[in-house]
Amino acid sequence: MTTLLANRSTRRRGIVFVVLLVATLVMMGLSSSPAIRELQSGLGFALRPIQGALSSVASGVSSVTAAISDIDHLRTDNAALRAENARLQNENAVAQEAKRENDLLTGLLQLQSGFDHKTTAAAVIGHDSSEFTRSITIDKGTGAGIAVGDSVIASGGALAGRVTVAGPNSATVVLLTDASSTVIGQMVSTAATGEVVGQLGGVLVMNQVDAAERITLGDEVVTAGIQLPNGIRSPFPKGLIIGQVIDSRRDANDVVQVAYLQPTADLERLEYVLVITDYEGGLPPVDQQPVDCSATNGTLPVGEQPCYTARPTSAPTPRPASTPPASPVPSTKP
């Protein structure tokens with residue numbers, strides 16, 4: 001039974017093959033006939049508009065497909081370019097910030113190398129700009145040789161403030177604009193002095209300026225660095241820039257006048273500072289303060305602090321007692 005089915009399938013295939021071969025030969029023979037050629041030409045001419053329309057549609061579909069593909073590629077390329085642009089912008093911002101910090105540190109290094117005092121560089125790690133105080137926190141403390149009372153300067157050598165609290169690894173600096181800050185300032189042009197007091201608004205007030213002195217707008221004010229007898233010394237070194245005069249006020253009836261100063265240092269944006277660590281100012285320690293020589297009869301044990309001789313003070317000259325005028329003597333002449 002299986003053999004019979006196989007023979008039938010083989011015969012069917014053979015018949016189909018023969019039919020197709022005959023049809024092919026017939027068509028090849030007819031294609032060379034003039035009538036068939038005319039028919040083919042007529043059909044081609046008749047179907048040419050349809051072919052053109054189909055070709056246009058196919059071309060349009062191909063163009064749309066190509067455009068969609070191009071748009072997809074452009075979208076991908078645009079996203080890649082945006083990501084690359086963002087990366088370059090971030091790298092540029094980092095480079096600009098690094099350059100800015102490098103410029104700041106270079107300026108501080110140049111200032112430190114040309115400064116007359118020993119200094120320690122520190123970074124500002126905290127700002128306190130509340131309603132009552134103006135201070136900063138730096139990342140160096142007693143471990144770096146910083147002590148309470150050390151003067152702090154900003155870039156350009158401008159005075160920024162003074163250390164009030166010193167820990168092992170950090171310190172607090174009260175700025176010039178703090179209401180508790182007072183510095184004896186001196187005007188560069190006239191050498192007039194006065195008390196420079198801080199204000200929370202940012203402008204410094206220079207009080208107690210002699211009314212006879214002329215105050216010029218734009219004049220620079222520096223630390224006076226006054227040194228008094230008996231070991232009393234200004235808490236700040238002499239010649240540190242405080243600010244410039246931006247206004248003044250004078251009352252015709254007062255013997256003093258007031259100047260208003262703009263701080264030279266940008267105290268609200270401090271990032272790096274120098275702390276002067278080798279200046280000893282203010283009152284010396286109690287055991288080093290001079291004593292009156294007369295209290296020890298001019299002799300002191302070895303190792304004692306020096307003594308000074310009190311200046312004599314002139315006693316006021318006593319005024320002569322006023323005597324009432326003599327009463328007239330009655331005449332005895334006859």
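These exercises work through a surface patch and two barrels of a predicted model.

The model is predicted, and local features need pLDDT of at least 70, side-chain atom pairs count only at pLDDT 80 or more, and totals for chains, interfaces and linings use all residues. Residues are numbered from 1 along each chain as its sequence is written, and side-chain values use heavy atoms, with hydrogens and water left out.

**Exercise 1.** Locate V18, and decide whether V18 is buried, partly exposed or exposed.

*Solution.* Begin with the place of V18, which is in helix α1, residues 2-31 (helices are DSSP runs of H or I with at least four residues, and strands are runs of E with at least two, numbered from the N terminus). Next, take the relative accessible area of V18, which is 48%. Because buried means under 20%, exposed over 50% and partly exposed in between, with a 1.4 Å probe and protein chains only, V18 is partly exposed.

**Exercise 2.** In what order do the strands of the barrel that contains β2 close?

*Solution.* Here 6 strands close in the order β1-β2-β5-β4-β3-β12, with antiparallel pairing (two strands pair if DSSP finds at least two bridges between them). Within this barrel, β2 (residues 135-138) and β5 (residues 171-175) pair over 4 bridges, and S135 has V174 in β5 as its bridge partner.

**Exercise 3.** Describe the barrel that contains β10 and β11.

*Solution.* First write the order, β6-β7-β8-β11-β10-β9, in which 6 strands close with antiparallel pairing. Then turn to β10 (residues 241-250) and β11 (residues 256-263), which pair in the antiparallel sense over 7 bridges. Finally, find R250, which stands opposite Q257 in β11.
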